[in-house]
Amino acid sequence: MRALEPTVFVVDDYAPVRNAISRLLRTAGFVVAAFASADAFLAQYDPAASGCLVLDLAMPAVSGLELQEILAQTGSLLPIIFLTAHGSIPQSVQAMKQGASDFLTKPVNDEDLLAAVRTAIEKNRVLRHEQAELSEIRARLATLTPREREVLDYVVAGKLNKQIASDLGTVEQTIKIHRAHVMQKMRVRSVAELVRLTQRCGIGAR
Amino acid sequence: MNAAACLTLAGFYFAIWCKQRQNQVYLLFSCSAIAAAAISAFELCMLNSRTVGEYEPLVRWIHVPTWVLTLSFVAFVRLYLHAGRAWLAWSIYGLRTLVLILNFIFPVSINFTAITDIRQFPWGGQMVSVPVAAPNPWGLLSTVSLVLLLIFSVDTSITVWRRGDRRRALLVGGSMIFGAILAWHVPLVIWGVIDVPFFLGFSYTAIVAAMGYELSNDMARAASLARELEMSDKRLNLAADSANLGMWEWDIVRDEIWITDKGRAIFGFDSSEKLDFDRFRSRLYLEDRQSVLKAVEHSLGTGGEYESEYRVVLPNGQLRWIAGRGHVELNRDGRPVRMRGASLDITKRKHAEEEAERHRNEMAHLSRVTMLGELSGSIAHELNLPLAAILTNAQTAQRILANGDADLGEVREILNEIVSEDKRASEAIRRLRLWMTKREVQQHSLRINRVVRDVLKLIGSDLTNQKINMHTELTSNLPTVTGDPVQLQQVLLNLVVNACDAMANSDAAQRHLVIRTGIETSNEAITVSIADRGRGISEERIEQLFEPFFTTKEKGMGLGLSVCRTIISAHRGKLWATNNAERGATFYFSLPITAPDEQVVIDGNGSS
């Protein structure tokens with residue numbers, strides 16, 4: 001269920017603020033999960049979860065910035081909105097460099113927070129969609145035989161069938177068949193479409 | 001002649017006794033002297049009498065002065081020399097009185113049953129008369145009383161001699177023994193053993209002379225003492241005047257106060273004004289009146305020393321600081337009758353002390369405000385958190401209400417949180433204001449653990465930001481200490497900030513700070529320690545640390561620790577530092593425990 005329903009994760013060591021923010025988000029219609037520390041959050045973190053993270057910057061033990069680093073290392077797609085009572089400039093710069101979605105100071109206006117959360121959730125949705133597409137393309141690529149894969153590389157490089165045949169030391173007819181297989185397996189109708197797909201996987205840039 | 005001398009002495013000492021009635025010695029002496037004179041007179045008459053009819057009444061009546069002399073003489077010895085056994089004295093009184101009574105019962109006297117004739121013979125170049133008579137066996141009683149008197153005299157002399165007063169033992173005791181021995185001629189004459197006339201008068205006169213000499217010696221000594229007393233009185237006055245001391249004496253029974261001129265000047269009393277306790281009380285500054293009266297009452301109640309420092313208002317409205325000291329004299333029933341003492345004008349000293357305290361406070365305040373500036377982030381954090389919770393809660397409530405289907409339970413919860421967070425914020429502001437305002441030093445009895453917790457509230461978020469692992473070991477149920485809560489927080493905060501600075505460059509895993517509170521083994525002081533794992537202090541600098549303007553930091557004036565030490569000293573405590581065996585340094589401060597009678601605990605954050 002959680003994978004379908006975006007959740008706002010709130011991590012703040014100061015209970016009154018944590019409760020107030022959770023309540024605000026719930027009132028605004030979000031599903032909320034609140035945690036008193038980074039460790040408590042990590043203990044039940046599901047990488048497949050969708051939504052965003054509202055994170056207090058200054059916490060004892062593991063700080064907000066440290067949690068951000070840990071999540072980045074695990075390839076998390078959760079966008080992070082930082083909340084801070086007295087954010088220093090170096091800290092906010094570091095947070096943004098590490099890819100924070102937003103950086104808000106306490107006391108935070110409800111509209112600002114909700115807007116940031118909506119943006120972050122949308123961002124997460126797009127990211128997740130992109131990642132889904134990518135894995136689909138990779139899956140299609142995986143169905144190609146080594147010869148077909150070779151042919152694909154030549155095709156996206158803009159080579160004609162004759163050139164490919166000469167390069168691979170075979171006849172043009174054979175290349176045509178391979179090419180037809182490639183187009184079919186990658187579910188594309190034009191070379192342009194094939195190029196767009198493979199570029200997203202980092203193929204054809206050479 | 002003998003009688004005249006005795007009478008003169010008697011008259012003289014009787015006059016003295018009239019003036020000093022409490023001194024019974026003079027009266028007793030006068031009685032003895034009169035009696036001795038009377039005896040001499042009787043004996044003279046006896047010597048010159050020619051008929052039995054003339055002689056008989058003399059022999060009977062001479063016992064009256066003898067009785068007086070014996071009694072007053074024994075009493076004199078006991079009073080004046082404080083010697084002689086009581087039972088001996090009482091035996092002599094009793095026996096002598098019995099003799100006197102019997103003397104008047106028998107036909108002639110206790111000595112003779114009958115006098116048949118008067119015999120005259122030449123003695124000492126003169127014709128003297130002696131009786132030809134039959135002795136009365138009851139006369140033995142008189143002899144026994146003489147024996148007792150001799151024993152009494154010897155016993156008394158020995159006692160006085162042993163006491164070390166040899167002159168008196170020789171003079172008074174010797175003359176007593178001499179007289180008592182000499183008196184033995186009476187029974188010997190009566191029993192016809194020797195043939196001389198009665199001359200008891202002479203022996204008694206000798207004793208009276210010795211007594212008189214002794215007394216006159218005393219008079220001379222008293223006179224010289226009086227002279228010395230006057231001199232020492234003058235010297236004392238001189239010393240008291242030059243020390244600005246006003247001496248006084250309060251007769252509690254009559255409620256009269258005597259005071260030196262200097263004392264009158266100190267209190268601003270006229271030199272002729274009559275003084276009593278109410279007059280003194282009226283001079284006291286209203287704020288100090290209670291404490292002075294309490295000190296006086298305490299002293300009167302216990303008979304102990306009186307001591308207090310207070311202000312008086314002079315007639316011109318000026319205030320003057322006085323230090324008063326005195327002691328109470330009690331009568332035999334333990335009731336206070338008199339109080340004596342001295343008062344000193346300590347206005348200058350007090351002003352200097354107040355000035356020093358003002359400077360100390362200003363320094364402390366300056367250092368406090370500077371420190372607050374450095375901690376502004378932490379302070380903003382402390383204010384921001386409740387404000388953040390309040391804003392979010394209030395806006396959430398607005399949303400709930402705007403939605404139309406308000407869940408009242410949720411709104412109530414929100415309002416509760418708003419209230420509690422608001423209180424938290426105002427508490428933080430109040431603490432801050434206490435820190436910022438310059439004010440007089442407070443003297444509360446307070447709990448040190450509360451001070452520690454207040455400081456942690458103030459600096460907690462800074463510790464978090466600096467990744468410092470804070471640990472407290474606070475001993476519970478510690479006795480209270482007396483002091484200014486804000487100044488003690490300031491000291492602790494300063495030490496914690498220093499400890500954090502010392503660890504700023506340490507590895508994050510090494511940033512440990514431990515605050516401990518505990519009681520010293522002597523049970524007289526409470527110690528607070530702040531241990532870090534920083535770079536420690538080089539040994540030669542460990543004392544220098546507390547000097548003003550000494551600093552190891554790039555920014556900072558180097559006032560923090562010197563102000564801390566000043567504050568702790570003003571609290572009668574100690575502040576010191578040691579290097580840890582393993583790593584880093586520990587700072588300690590100790591404060592004396594509040595005296596048991598001052599144990600009124602006020603919250604450690606100085607809410608009054």
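This is a guided tour of a predicted two-chain model, with suggestions for what to select at each stop.

**Before you start**

Residues count from 1 along each chain as its sequence is written, while chains are lettered from A and ligands numbered from 1 in the order in which they are written. Because this is a predicted model, local features need pLDDT of at least 70 and side-chain atom pairs count only at pLDDT 80 or more, whereas totals for chains, interfaces and linings use all residues.

**Stop 1: colour by confidence**

Colour chain B by pLDDT, the predictor's confidence in each residue, from 0 to 100. The chain B average is 83, and 92% of the residues score at least 70. Confidence is lowest in helix H1 (residues 2-19) of chain B, with a mean of 64, and highest in strand S12 (residues 525-531) of chain B, at 93. Now pick residues 603-608 of chain B: pLDDT stays under 50 there, and the model has 17 contacts beyond four places in sequence for this stretch. Two residues are in contact if their C-beta atoms, placed from the backbone, lie within 7 Å. For the model as a whole, ipTM is 0.79 and pTM is 0.55.

**Stop 2: chain A and its sheet**

Show chain A as a cartoon and you will find 9 helices and 5 strands. Helices (H or I, at least four residues) and strands (E, at least two) are DSSP runs, numbered from the N terminus. Reading from the N terminus, the elements go β-α-β-α-β-α-β-α-β-α-α-α-α-α.

Select the strands of chain A. They form an open sheet of 5 strands with parallel pairing, in the order S2-S1-S3-S4-S5; two strands pair if DSSP finds at least two bridges between them. At the edges are strand S2 (31-35) and strand S5 (102-105) of chain A, each pairing on one side only. From one strand to the next, the twist averages 20 degrees.

Zoom in on strand S1 (residues 7-11) of chain A, which pairs with S2(A) in the parallel sense over 5 bridges. One to label is A:Thr7, whose bridge partner in S2(A) is A:Val31.

**Stop 3: the helices across the sheet**

Add helix H1 (residues 15-27) of chain A, which lies across S1, S2 and strand S3 (51-56) of chain A and runs at about 170 degrees to S2(A). Then add helix H5 (residues 110-142) of chain A: this one lies across S1, S3, strand S4 (80-84) and S5 of chain A, at about 135 degrees to S3(A). Axes are lines fitted to C-alpha atoms, for helices over the stretch in contact, and angles run from 0 to 180 degrees between N-to-C directions.

Stay with H1(A). Since 10 of its 13 residues are buried, it is largely enclosed by the rest of the structure. A residue is buried if 20 or more other C-beta atoms lie within 10 Å of its own, exposed if 12 or fewer, and partly exposed in between, with C-beta atoms placed from the backbone. Among the buried residues are A:Pro16, A:Ile21 and A:Leu25. Their cover includes S1, S2, S3 and H5 of chain A together with H14 and H15 of chain B. Just after H1(A), look for A:Gly29, with a positive phi of about 100 degrees.

**Stop 4: where the chains meet**

Select the contact residues: 22 of chain B touch 19 of chain A. On the chain B side, helix H14 (376-403), helix H15 (408-436) and helix H16 (448-465) each supply at least two residues. H14(B) gives the largest share, 16 residues.

**Stop 5: strands of chain B**

Move to S12(B), joined by 7 bridges to strand S14 (residues 585-592) of chain B in an antiparallel run. Here B:Val528 has B:Phe589 of S14(B) as its bridge partner. Strand S13 (residues 574-579) of chain B is also antiparallel to S14(B), with 6 bridges, and B:Asn579 stands opposite B:Ala585. In the hairpin of S13(B) and S14(B), 5 residues lie between the strands, and B:Gly584 takes a positive phi near 80 degrees.

**Stop 6: B:Gln510**

Finish in the loop between helix H17 (485-502) and strand S11 (512-519) of chain B, where B:Gln510 lies. This residue counts as partly exposed because it has 14 C-beta neighbours inside 10 Å. Leaving aside neighbours within four places in sequence, B:Gln510 is in contact with B:Met503 and B:Arg533. Draw a C-alpha to C-alpha distance from B:Gln510 to B:Arg583: they are 73 residues apart in sequence and 9.6 Å apart in space.
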